[in-house]
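Student: I have a model open in front of me. Can you show me how to read it?

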Amino acid sequence: MSISHSIAPYYKVMIERDSCKKCKRCTTHCSYGALSYNGERIIADNSKCVACQRCVIMCPAGAIHIIKNESFLPPHGNYTRRIRNAIWAQSGNGGVLLSAAGNDREIRSIFDDLLLDACQVTNPSIDPLRETIETKIFFGRKPSKIDFKRDTMNPNKICLKTEFMPNFEVDMPIMVGHMSLGSISYNAAMAIYQACKELNILAGSGEGGLHPDFYEFGSNIITEVASGRFGVDINYLHNAAGIEIKIGQGAKPGHGGHLPGEKVNSLISQTRMIPKGSDALSPYPHHDVYSIEDLAQLIAALKEATRYKVPIGVKIAAVHNSAPIAVGIVRGGADFLTLDGFRGGTGAAPRIIRDHAGIPIELAIAAVDERLRKENLRDEITLVAGGSIRYSADLIKAIALGADVAMCSMPVLIAMGCRVCQQCFRGLCSWGIATQQEYLVKRLDVDVARNRIINLFHSWNEELKEVLGAMGIDSVESLRSNRDRLRYIGPNPKIAEILGVKHAGE
Amino acid sequence: MYWKNYTSLPKQFRNERVFDGCGISGYMNIDGKRENGKKIIDMITILNDRENGLGAGFAAYGIYPEHHDCYALHFLFDDEPSKSNVLDYLMDVGFIVQSEAIPTKIPPNVDNPPITWRTFFHPQEKKNLSEDEQVLQIVMNINENFEGAFVMSSGKNMGVFKGNGWSHEIAEFYKIQEYKANMWLAHSRFPTNTPGWWGGAHPFNLLNTCVVHNGEITSYGTNKRYLESFGYKCTLHTDTEVIAYLFDLLCRKHEMPIEISSIALAPPLFKEIERFEKNYKIALKNIRATYRSAMLNGPFSIVVGLANPIPTMIGLTDRKKLRPLVIGVSEDDNTIYMSSEEASFRRLMLDPNINFALKEVWHPKSGTAIVATMGRGLSRNGLEKPLEKIELTIEGDN
Amino acid sequence: MIENNIVKINAAPNNRPLSYKKLNKQIHNMINFKHKKILLDDVCGQRFIAASLQGNLEIEINGLPGNDLGIFLDGPKIVINGNCEDQAGNTMNDGEIIVHGEGGDVIGLSARGGKIYIKKDVGYRVGIHIKEYENKFPVIVIGGTTKDFLGEYMAGGLIIVLGLKFLPDGKIIENPHTICGDELGTGIHRGKIILRTEEDLEDKLGIGAKVDKMTSETEKEIRPYIEEFCQTFEIPLEMLFEKPFKVIKPISKRPFGGNYIGTII
């Protein structure tokens with residue numbers, strides 16, 4: 001490749017020579033090989049830097065700064081640096097561009113265009129610190145009605161006739177999304193599961209199986225049955241609070257999965273139940289699900305296999321026709337439905353799909369909730385919504401639009417130390433989160449990470465209660481689908497119409 | 001009285017909901033004895049500090065014994081064409097047994113009063129749809145789609161009389177004193193926005209269910225969307241409407257015992273549920289989970305009249321007890337009174353023409369239903385724990 | 001009804017087929033009563049029979065079991081005196097499924113272990129994404145022929161196709177039809193597909209698959225399965241070696257490794 005086609009480094013490592021003590025700590029901490037010591041001083045290979053900030057934090061002298069390398073390209077508003085770089089990369093190496101994390105295009109967030117209501121005069125707000133505000137929810141399918149029969153002889157005798165399906169009680173309407181061991185490290189997974197057990201909320205296992213060490217957290221884990229069926233055996237099905245059939249993922253709707261063989265060490269091998277070094281490919285579709293009645297069949301099969309003891313759900317990426325698909329899934333017998341919006345995260349996905357496929361979760365929630373209501377199915381199922389729930393405001397708005405539970409992953413990773421460098425697929429995560437290399441995994445202290453996740457979700461839940469209190473609502477179920485308490489301030493009235501939300505001032 | 005906006009909110013206000021504070025009152029004679037409206041008028045007018053002259057109304061049960069098997073449709077019409085449109089429609093979908101003006105006393109200086117009308121009606125027989133369900137659809141259709149017409153009530157042997165004015169004005173206008181009922185509900189209103197509209201006054205009715213409500217339902221959006229999926233149309237721009245429909249859904253459509261449906265609407269806290277024994281805990285948790293969208297949140301006290309199959313009066317407050325409700329029982333145990341304030345009962349004592357004495361007055365617990373049933377008396381006094389006195393069994397669970 | 005330690009379940013009492021829920025429930029009840037051998041009569045399309053059963057059990061089926069027969073199966077032996085439908089042995093972990101007839105599509109989907117022997121022909125995508133792990137090694141043997149996408153995404157284990165035809169009079173002849181469809185072993189990255197054929201398979205190969213010669217080592221590896229298959233379905237073993245075997249193997253462990261680039265843009 002001639003030099004005229006090489007891509008200018010995105011970042012620049014600045015080392016304050018006066019402060020640098022030449023301790024070389026940065027060179028051991030940089031897992032991407034950007035820093036080295038030449039016998040005289042620390043030198044930086046800017047082309048390898050991913051701005052993960054590990055060296056910046058670890059430098060005892062505070063001598064390192066990462067800045068954006070801006071000076072190279074002539075400006076063009078349409079052919080942005082990103083587009084030009086993509087062309088150079090593909091014309092140089094060929095191939096499909098890989099990416100990780102969630103869609104990073106600057107597309108306006110609909111959540112940020114929604115405002116919350118609060119009480120003034122006509123009803124009192126509630127003090128969340130001193131009066132009870134409830135955030136417990138039930139995860140699973142509910143009957144459309146409960147039948148009671150009063151005894152004809154004794155009116156004080158009532159018999160409950162309805163048989164209930166399994167439901168799992170969680171203390172917050174929050175769920176940690178599906179990240180498999182393989183995409184994240186053992187320590188990261190351990191911290192997440194420990195935190196979820198402590199908080200009594202659910203976490204997803206991801207599609208890569210469940211390591212036997214994590215069986216003890218099974219009652220707080222939704223295991224996933226994806227097209228690759230990795231690690232799916234009876235223990236996996238029985239050690240779960242619920243089972244999710246993964247049809248799609250927000251970051252890569254319609255795409256399969258691929259964990260390269262070099263990442264399949266003995267730990268991953270044990271979890272996925274495949275030989276060490278073997279590629280783990282998830283086929284694009286489930287090859288026993290080519291239509292909606294096949295999905296109903298797989299749902300029924302899982303119910304039979306688990307003897308109807310746990311809820312069985314389905315996850316789909318939010319795509320154009322999510323609403324009718326959702327109806328089919330619910331009619332197919334799913335006890336919960338997970339919608340994953342187009343900003344949802346991933347450990348590895350083709351950039352073209354991550355950045356361009358799917359629809360925003362806000363619109364998907366609104367459309368699915370509305371459609372399920374039209375079919376009088378909505379209240380029977382638990383609707384989980386994810387795909388960039390970034391902070392409690394997103395969670396609150398997702399629920400007000402119609403979700404039962406908000407699902408998130410990136411905030412959990414960020415809480416543990418992730419700097420969102422979007423290089424997860426390389427397996428070199430310097431923070432020990434998205435890597436399988438032992439020396440890197442060790443960097444993530446499970447206790448610290450667990451406590452940070454617990455703190456984060458505690459804070460979110462407190463913020464949820466603050467908002468509920470301000471709205472004069474003492475239980476989160478009265479926020480669900482309560483679009484009356486939202487107003488839109490964005491530029492596009494059509495969005496407000498789809499959301500079923502009035503404009504601010506109306 | 002405001003002699004305008006009879007059948008709909010003025011257009012510029014239609015996007016809004018009306019919030020209000022209110023006085024509510026009601027009483028029932030257990031033996032079914034019918035009394036004229038004198039007492040209920042006294043009970044509600046004494047609460048005039050809670051109203052601002054922008055809406056009041058009465059519901060009376062047992063007033064049409066001669067037509068007890070017909071649906072008594074009470075209407076407000078803006079004009080004659082609106083009236084004939086609706087009556088033509090009714091003749092298409094059923095049979096009108098009798099049709100007449102509701103007698104009113106119109107003050108001399110009013111030149112455009114509403115047409116108040118009542119029709120005793122039977123829907124056509126349909127194999128796959130009950131009469132109640134048909135009438136429900138007819139009412140929803142008229143209120144949503146017929147300009148200049150509003151159905152005030154649609155139950156049997158009962159009726160709602162309401163409008164935009166002070167409670168004493170409304171009582172006088174409809175000649176409430178001349179009706180004889182065995183259960184009376186009344187409401188006086190303090191809405192936040194002017195002008196109110198006649199149809200938006202309380203009581204809210206659907207079939208035999210009537211609700212008078214004080215407070216504001218903060219879960220309105222959730223409840224509304226839940227009801228819409230069962231075919232109810234929330235078009236009246238007020239939160240009270242959803243309470244009436246929820247009672248109709250739970251008590252009539254889902255055939256839920258009243259002790260249970262009141263729990264669905266104002267459930268105990270989870271920490272309280274945890275203290276219950278096994279069967280009760282299962283029932284209470286599943287009621288909360290299944291009817292999570294029916295739960296009423298925010299401040300409210302309500303008095304509800306039901307008449308299916310037997311007249312029943314229910315009092316209920318929100319579970320944080322943010323709105324007042326007081327209960328009284330007459331000395332002979334035959335009359336149950338409910339009101340926002342005890343003054344409603346005391347007012348009756350001041351009237352030398354009424355032989356009135358109370359045996360007991362008490363304040364019910366928050367979120368706990370008071371249930372009085374005609375012929376049976378007080379079955380829940382509002383002081384019990386949820387499901388107290390109920391022997392609950394679970395089918396298939398020995 | 002119990003005869004010779006075999007408990008019988010009529011899957012269609014009074015000629016009315018039970019729902020799969022009821023049928024499986026009856027099987028579970030029998031297992032709870034410690035029965036080890038169960039005979040199902042008059043099975044007619046019931047799905048998920050024997051789903052996720054474990055242990056030393058034998059289930060014999062008269063009739064036609066529906067889709068997902070033995071899904072998540074973990075040990076038991078299932079014998080079908082007739083045909084089976086799609087996805088038999090779906091995500092199977094261990095056990096045996098013996099079909100004295102034909103099989104549908106997607107047989108043995110994602111199986112990790114166990115054996116599936118099908119006497120006659122099967123449909124599309126048989127043995128798709130079967131894997132192996134530690135002492136788990138899935139083996140699928142087909143007596144007849146298969147259609148397209150045989151062993152797609154194959155990640156371990158063994159598929160053998162014999163290309164025989166079973167005439168109604170009991171005679172066994174060489175199957176006149178082609179032994180397999182197109183896209184043979186597409187995406188295979190571990191394991192082997194063995195086809196008993198003289199056909200040129202190059203044109204049929206899917207991406208990532210190659211044709212290899214039979215070695216004595218491989219022959220030794222497959223021989224016990226072939227012997228067992230012949231014994232089960234009463235096929236004279238010697239006739240099988242009248243034709244050569246061909247081996248389909250992955251070109252590499254990373255068939256699509258070069259497809260993606262991770263340049264920071």
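**Reading strands, contacts and a helix**

Tutor: Start with one pair of residues. Val96(A) stands opposite Tyr260(C), a residue of β15(C). Keep in mind that this is a predicted model.

Student: In which sense do the strands around that pair run, parallel or antiparallel?

Tutor: The general idea is that strands of a sheet pair through backbone hydrogen bonds, either parallel or antiparallel. Here, β5 of chain A (residues 96-99) and β15(C) pair in the parallel sense, over 2 bridges.

Student: What is the strand order of the open sheet?

Tutor: The order is β19(A)-β5(A)-β15(C), so the sheet has 3 strands, and its pairing is mixed. Now look at the edges. β19 (349-350) of chain A and β15 of chain C each have a single partner strand, so one side of each is left without a neighbour in the sheet.

Student: How many residues of chain C are in contact with chain A?

Tutor: Count both sides. 41 residues of chain C are in contact with 36 residues of chain A. On the chain C side, β9 (155-161) and β15 (260-261) each supply at least two residues. That side divides into 14 nonpolar, 17 polar and 10 charged residues.

Student: Which chains have the most contacts between them?

Tutor: Chains A and B, among the 2 pairs of chains that touch. No contact joins chain B and chain C. Their closest C-alpha atoms lie 17 Å apart.

Student: Now a helix. What span should α2 of chain B have?

Tutor: Use 1.5 Å a residue. The 14 residues of α2(B), residues 80-93, should span 20 Å, and the end C-alpha atoms are 20 Å apart, which agrees.

Student: Which residues of α2(B) are buried?

Tutor: Ser82(B), Lys83(B), Val86(B) and Leu90(B). They cover an arc of only 100 degrees around the axis, which puts them on the same side of α2(B).

Student: What covers the buried residues of α2(B)?

Tutor: The cover includes β4 (71-77), β5 (94-101), β6 (115-123), α3 (131-145) and β7 (149-153), which belong to chain B.

Student: Which exposed residues does the face turned away from the buried side carry?

Tutor: On α2(B), that face carries Glu80(B), Pro81(B), Ser84(B), Asp88(B) and Asp92(B).

Conventions: Residues are numbered from 1 along each chain as its sequence is written. Chains are lettered from A and ligands numbered from 1 in the order in which they are written. This is a predicted model: local features need pLDDT of at least 70, side-chain atom pairs count only at pLDDT 80 or more; totals for chains, interfaces and linings use all residues. Two residues are in contact if their C-beta atoms, placed from the backbone, lie within 7 Å. Helices (H or I, at least four residues) and strands (E, at least two) are DSSP runs, numbered from the N terminus. Ala, Val, Leu, Ile, Met, Phe, Trp, Tyr, Cys and Pro count as nonpolar, Asp, Glu, Lys and Arg as charged, and the others, Gly among them, as polar. Two strands pair if DSSP finds at least two bridges between them. The expected span of a helix is 1.5 Å times one less than its number of residues. A residue is buried if 20 or more other C-beta atoms lie within 10 Å of its own, exposed if 12 or fewer, and partly exposed in between; C-beta atoms are placed from the backbone. The arc is that of the directions from the helix axis to the C-beta atoms.
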